[in-house]
Amino acid sequence: MITSAGYLGDVAPFIPIGRRLVERGHAVTFVAPAGFTTVLDTEPFTHHHFGLDFSAAAMHADPAHTRLMRHPLTNTPRLAKYWLGRSYLDDPATVEASIADALTDADALVTHPAVAMIALPLAHRAGVPVVVGHLFPMLLETQQWTPSMPYSFRAPRPVNRLAWKAYDAFGKAAFPEKEINDLRRRCGMPTRNGAAVSAYRDAEETVLLTSPRYAEPADDWPPVTVGGFAIWDGPADMEIPPQLDDYIESGEPPVVVTLGTSAATDAGRRFAWIRADLARRGLRSIILAGNDTNAAALVGLPGVATFAPLTALLPRCRAAVVSGALGSVAAAVSAGVPAVVHPQLWDQYWHGRQLSRLGVGALARSVDQVAGCVESILGDDIATAARSLSNSIAEEDGVGALVVAVERVLPLTN
């Protein structure tokens, strides 16, 4: 059983894992919200609906989500409570029943680290071992640097320890823990501080789905296997839309702009601004608007689509503008394409600074900085650095590392 929920960037890394497990002869049930039906129902595994529709489509239809995402960094505590409500607290019994039903015949559970707060206790009660596919290197505790809130930095170890304690306190305040710890008690597990943000520590295995050459491991991290990226190449058999293919061939390689399913909330004007600003600098662009509402702000313009598979598109582009979600960052890094991160959420700021630190990209905090940052990464030095990083990780296999971890815990159920 695999489970994830939230934005597409939360679900997408687990799709190639499900495919690989099926290829190795395992039966896979993927528990995800109904809003991901069009993405998951073409895959070679069973899609079992999560109890609540905690999906990007459902959140985008909610005016409360739109308001919060207009100032997401300022609203981080409110967003955390919103996400926990949409994923669990709005109807705990239904969510628990949906996950428990899928666990009935499961031999192992693979889960997103945030969904682990709910799924892991239920797996414990069912006697099912758990493997966490971790997506957030900046949130693995270490005395070598501070947590990302939204930036991390190296400081003396006493300062780092205090910063992590502050992060734990923030997590406890942002994610109400009473109900999560109540679930843990009912499932025969001890309660813990930080139950909502550190449930992965109770898993039999944790695999970090980033490259060690991208996110440097700390020697005092909790037990974790650093496996490499898990990159989704889009829905099965999906290709670049013909109109985009023609547009790419009609001129110089473009800059692809995609802001993900979290950052693309109510983002039509931002897409239009970025496209116009790039055009003033003589740069062609492809806009992946994420949904029809955003695309409507660019109606009639060439090089616009709601979605296209990045793995096929990036090698034909000279640069990328991304939200900083792990999936799009991993795709750009793996393709050897310089990228500008225009972030909305705290983890995305970390990825923006990380690309800058590695010399393969830049961080654009505001929309009016994006085009200038794109110009700044088009030089030969950054292009060479991006290709070098891509070549250094070419043999890594994050999907394979997680599958190995799953097969390692399977004897625990036999």
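**Figure 1. Helices α8 and α10 pack with their axes 9 Å apart.** In this predicted model, helix α8 covers residues 116-126 and helix α10 covers residues 178-186. The angle between the two helices is about 10°. Angles under 35 degrees count as roughly parallel, and α8 and α10 are therefore roughly parallel to each other. Look for Met117, Ile118, Pro121, Leu122 and Arg125 on the α8 side of the contact. Their partners on α10 are Ile180, Leu183, Arg184 and Arg186. Sorted by type, the residues of this contact are six nonpolar, no polar and three charged.

**Figure 2. Helices α6 and α7 meet at an angle of about 60°.** Here is a second pair of helices: α6 spans residues 76-89, α7 spans residues 92-103, and their axes are 8 Å apart. How do the two helices lie relative to each other, oblique or roughly parallel? With that angle, α6 is oblique to α7. Ser87, Tyr88 and Leu89 are the α6 residues to find, and they meet Pro92, Val95 and Glu96 of α7. This contact between α6 and α7 brings together four nonpolar residues, one polar and one charged.

**Figure 3. Helix α5 has a buried face and an exposed side.** Helix α5 runs over residues 63-70, and within this helix His65, Thr66, Leu68 and Met69 are buried. If you look down the axis of α5, the buried residues fall within an arc of 165°, so they line one face of the helix. A handy rule helps here: an α-helix has 3.6 residues a turn, so residues three or four places apart point the same way. Now turn to the other side of α5, where Pro63, Arg67 and Arg70 are exposed. At the start of α5, a side-chain oxygen of Asp62 comes to within 3.0 Å of the backbone nitrogen of Ala64.

**Figure 4. Helix α16 is mostly covered.** How many of the 10 residues of helix α16 (residues 326-335) are buried? Seven of them are, namely Leu326, Ser328, Val329, Ala330, Ala331, Ala332 and Val333. What covers these buried residues of α16? Helices and strands share the job: the cover includes α15 (310-313), β11 (319-322), β12 (339-341), α17 (346-357) and α19 (380-392). Just after α16 comes Gly336, which has a positive phi, near 75°.

**Figure 5. Gln144 makes a polar contact from a loop.** To find Gln144, go to the loop between β5 (130-134) and α9 (157-174). Is Gln144 buried or exposed? Buried means under 20% relative accessible area, and Gln144, at 17% relative accessibility, therefore counts as buried. The side chain of Gln144 forms a polar contact of 2.6 Å with the side chain of Asp219. Leaving aside neighbours within four places in sequence, Gln144 also touches other residues, among them Arg154, Ala155, Arg157 and Asn160. Ala218 and Asp220 are in contact with Gln144 too.

**Figure 6. Arg408 reaches Glu205 from helix α20.** Arg408 sits in helix α20, which covers residues 398-409. With 44% relative accessibility, Arg408 counts as partly exposed. Not counting residues up to four places away in sequence, Arg408 touches Glu205 and Thr225. With Glu205, the side chains make a polar contact of 2.8 Å. For a sense of distance, compare Arg408 with Arg201: they are 207 residues apart in sequence and 17 Å apart in space, C-alpha to C-alpha.

Notes
Residues numbered from 1 in each chain as written. Predicted model: local features only at pLDDT ≥ 70, side-chain atom pairs only at ≥ 80, totals over all residues. Heavy atoms only, no water. Axes fitted to C-alpha atoms, helices over the stretch in contact; angles between N-to-C directions. Helix = DSSP H or I, 4+ residues; strand = E, 2+ residues; numbered from the N terminus. Parallel < 35°, antiparallel > 145°, perpendicular 65-115°, else oblique. Contact = heavy atoms within 4.5 Å. Nonpolar A, V, L, I, M, F, W, Y, C, P; charged D, E, K, R; others polar. Buried < 20%, exposed > 50% of the residue type's maximum accessible area, 1.4 Å probe, protein only. Polar contact = N/O pair within 3.5 Å; in protein donor to acceptor, adjacent residues only side chain to side chain. Arc of directions from axis to C-beta.
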